[in-house]
Amino acid sequence: YIYNAACTCFILVCIFHEDCWCYQPHNTCNDTCLGPEVWGEVYQQCNNRSQSPINIVTRRVLPDERLTPFQFIGYKDMFHGQLINNGHTVELNLPSSIKIKGGNLEVPYKAVQLHMHWGKEGGLGSEHTIDGEQFPMEMHIVHIKEEYTSLSQAKKDPIGLAVLGFFIEVILFKYLKKNHVSLDMFIPPQENLTKYFRYNGSLTTPNCSEAVVWTLFENTIFLSRKQLASFSQLRYSNGGEMTKTFRPVQPLNGRRVYHSRGHVDLVSPGLLILAGLVSSALFSHTTG
Ligand SMILES: [Zn+2]
């Protein structure tokens, strides 16, 4: 993707409106946006050296005994879940009574939102990769330090955010449709969440702030191909298919990736109801 001089005014508009990035750029000037390779042109932090996502090379990860199991607080509490199409992905706002503790986090972190990254028609679409392997989908549960009131505050702190990442694989699974949900319906049983990877990185969308303590669980979530494909029905505001919503992996630049020494090896499917919520997001598109 190359942008030319005629697009310069667009770049300037970008700087002031701060929302002209995308995953797959269109190459015309009147309908253009910045793809991942050039996010750094407008959002300088995207060119920094501790970016996310990354490829995790499992033979190079370092065991770390301080990476104890998490305490998931409020993950069983029911709330009204409405998935919103924010113009880049679908997200579900979460009540701040939901918190995580432990896992070698310095302080408790409270939940803000969860969102997804996916491919096209049920193809590959995770952001992080394990030994070069991409998964069909990746779910991010975004938390900020308890003391902060907004994401923008948390972004200024190098460990202001804690994001829990879950890989999603494809399997035939019962379709559920609910509006009242609890967070533990989205993830594998908590006893299976003791094995995870840890590194320090960034937001995977502009402005790419390097403010994230990343946790990626080894246990995956299962979703049927049909459920996965339902995400491909989502549209951008210009009518384009909302597909391949992931940033390519970024260089490690000498960063270490750690692994908890959990010993649970069971893979047990998490109950996933997100696909049921997608239908509501199809009708609730907002821009920006
Ligand atoms: Zn994400």
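This note comments on the nonpolar core, one loop residue and a small sheet in a predicted model.

1. Residues are numbered from 1 along each chain as its sequence is written. Because the model is predicted, local features need pLDDT of at least 70 and side-chain atom pairs count only at pLDDT 80 or more, while totals for chains, interfaces and linings use all residues.

2. The largest nonpolar core (buried Ala, Val, Leu, Ile, Met, Phe, Trp, Tyr and Cys residues joined through C-beta atoms within 7 Å) has 61 residues, of which Met137, Met139, Leu161, Val163, Phe166 and Ile168 touch the most other members. Among the strands (DSSP E runs of at least two residues) that each supply at least two residues of this core are β11 (137-145) and β12 (161-170), and the largest share, 7 residues, comes from β12. Domain 1 (1-42) and domain 2 (48-282), with bounds from an automatic or database domain assignment, both give residues to this core, so it lies between them.

3. Glu210 is found in the loop between β14 and β15, and it counts as partly exposed because it has 17 C-beta neighbours inside 10 Å (buried means 20 or more other C-beta atoms within 10 Å, exposed 12 or fewer, partly exposed in between, with C-beta atoms placed from the backbone). Leaving aside residues up to four places away in sequence, Glu210 touches Gln45, Asn48, Ser50, Pro158, Gly201 and Ser202, where contact requires C-beta atoms within 7 Å.

4. An open sheet of 3 strands runs in the order β1-β9-β10 with mixed pairing, where two strands pair if DSSP finds at least two bridges between them. Strand β9 (residues 129-130) pairs with β10 in the antiparallel sense over 2 bridges, and the bridge partner of Ile130 in β10 is Glu133.

Methods. Helices (H or I, at least four residues) and strands (E, at least two) are DSSP runs, numbered from the N terminus. Two residues are in contact if their C-beta atoms, placed from the backbone, lie within 7 Å.
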